[in-house]
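Biologist: I am new to this structure and would like to be led through it step by step. Could we begin with what is shown here and then take up its parts in turn?

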Amino acid sequence: MPSSSKFASEVDIEAHPTALKLIEHCIPLLEELLDHTPGPALEAFLNTNYSEDTKFYHGLRELILAGLAEKWLASVALDGARYRRSRLCAPCEATRYFSITAVYMDSGYRPATSDHPEEGNRDDVFDEKTEYSGQFHAHPYGEINAVIALDSTAELKGMSSWQGPGWTSPEPGSKHFPEVRGGRCIALFFLPAGRIAYPADAPEKDGPNAYHKATAWSHNATLREMMGLTGTESSDGQQERAGLN
């Protein structure tokens with residue numbers, strides 16, 4: 001397997017061996033997907049062959065939970081603690097020129113079965129169907145998302161339906177607001193050639209339960225101070241990622 005020095009990452013892979021294990025875990029999947037095109041057919045393939053009851057998905061979930069516990073996964077704030085992102089790996093030969101990025105999203109709902117202490121229990125504020133919308137973006141070459149639900153009711157919105165534990169795969173040229181409902185989830189997403197676009201004139205959703213560039217900076221400065229995170233962010237809340245954009 002490749003060494004950590006081969007990967008350009010926002011995560012300190014040398015300090016966090018679990019991050020390297022997560023990349024290594026994903027490489028056989030990316031090798032299999034090399035000749036597939038993101039879209040409905042690939043989404044069905046992944047939900048059949050890499051579903052939540054498979055050994056691969058179980059191992060993926062365990063590594064992601066470890067990354068959250070170690071605080072290196074999805075550690076860059078976009079909208080305070082509820083919407084965070086970090087790029088685990090830029091496109092490279094070892095990953096068949098897919099990038100790997102983790103996004104944490106929280107709709108605010110907590111089911112009665114929740115035993116995760118992070119950010120407290122909010123089920124007296126948000127109901128199960130309340131949606132939280134993230135940053136509008138486009139997928140020039142498509143996208144592949146592994147959906148890891150941190151609450152039993154959490155779902156990520158795909159291009160055609162809501163998805164609990166499993167996979168979504170928007171096709172090339174698609175655009176959307178990433179949306180979550182029913183609690184908290186991680187989307188571990190794979191981008192062919194690392195291609196993703198955040199248009200400067202992108203629309204924004206109204207209301208408090210959505211990402212807004214105008215308010216993200218003040219939320220994120222406080223969160224980064226609390227978590228002791230390093231690095232810089234631009235005024236729209238996105239981290240300046242030298243050599244990774």
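Modeller: Accessible areas here come from the Shrake-Rupley method with a 1.4 Å probe. Please keep in mind that this is a predicted model.

Biologist: How much of the accessible surface of the chain belongs to carbon and sulfur atoms?

Modeller: The accessible surface of the chain comes to about 11,100 Å². Of that area, the part that belongs to carbon and sulfur atoms is 52%.

Biologist: What percentage of the residues of the chain count as buried?

Modeller: A residue counts as buried when its relative accessible area is under 20%. The chain has 245 residues, and the share of them that meets this condition is 54%.

Biologist: How many helices and strands does the secondary structure of the chain come to?

Modeller: Helices and strands are both present, and they are numbered from the N terminus. The count for the chain is 4 helices and 12 strands.

Biologist: In what order do the strands of the open sheet lie?

Modeller: The open sheet has 6 strands, and their pairing is antiparallel. Its edge strands, each of which pairs on one side only, are β1 and β9 (166–168). Read across the sheet, the order is β1-β2-β3-β12-β6-β9.

Biologist: Which residue in β3 is the bridge partner of Y83?

Modeller: The strands β2 and β3 run antiparallel and are joined by 6 bridges. In β3, the bridge partner of Y83 is M105.

Biologist: Which strands of the sheet does α3 touch?

Modeller: Helix α3 packs on the sheet, and its direction makes about 70° with that of β6. The strands that α3 touches are β2, β3, β6, β9 and β12.

Biologist: Which element supplies the largest share of the largest nonpolar core?

Modeller: This core has 40 residues, and among those with the most contacts inside it are L22, L60, W167 and F190. At least two residues each come from α1, α2 (40–49), α3, β2, β3, β6 (144–149) and β12 (184–192). The largest share, 9 residues, comes from α1.

Biologist: Leaving aside neighbours within four places in sequence, which residues is I186 in contact with?

Modeller: I186 is one of the residues with the most contacts inside the largest nonpolar core. Once its neighbours within four places in sequence are left aside, the residues in contact with I186 are I64, L68, L73, A74, V103, Y104, A146, V147, I148 and L150.

Biologist: How many salt bridges does a search of the whole structure find?

Modeller: Side chains of opposite charge can pair when their charged atoms come close. A search of the whole structure for such salt bridges finds 6.

Biologist: Where in the chain do R96 and E31, which meet in a salt bridge, lie?

Modeller: The side chains of R96 and E31 meet at 3.2 Å, N to O. The pair links distant parts of the chain, 65 residues apart, with R96 in the loop between β2 (83–89) and β3 (98–106) and E31 in helix α1 (residues 17–33).

Biologist: Is R181, the salt-bridge partner of E155, buried or exposed?

Modeller: In the salt bridge of E155 with R181, the closest N and O atoms are 2.7 Å apart. The pair links strand β7 (residues 155–157), which holds E155, to strand β11 (residues 179–181), which holds R181. E155 is partly exposed at 21% relative accessibility. Because the relative accessible area of R181 is 15%, R181 is buried.

Biologist: Which residues do salt bridges that share partners join into one network?

Modeller: K157 in strand β7 and E179 in strand β11 are 22 residues apart, and their side chains meet in a salt bridge at 3.7 Å, N to O. K157 is partly exposed, with a relative accessible area of 32%, whereas E179 counts as buried at 5% relative accessibility. The network made by shared partners joins K157, E179 and K205.

Biologist: Is K71, which has a positive phi, buried or exposed?

Modeller: K71 is not a glycine, yet its phi is positive at about 70°. This residue K71 is found in the loop between α3 (55–70) and β1 (76–77). Since its relative accessible area is 58%, K71 is exposed.

Key: Residues numbered from 1 in each chain as written. Predicted model: local features only at pLDDT ≥ 70, side-chain atom pairs only at ≥ 80, totals over all residues. Heavy atoms only, no water. Salt bridge = Lys/Arg side-chain N within 4 Å of Asp/Glu carboxyl O. Buried < 20%, exposed > 50% of the residue type's maximum accessible area, 1.4 Å probe, protein only. Core = buried A, V, L, I, M, F, W, Y, C linked by side-chain atoms within 4.5 Å. Contact = heavy atoms within 4.5 Å. Pairing = 2+ DSSP bridges. Axes fitted to C-alpha atoms, helices over the stretch in contact; angles between N-to-C directions.
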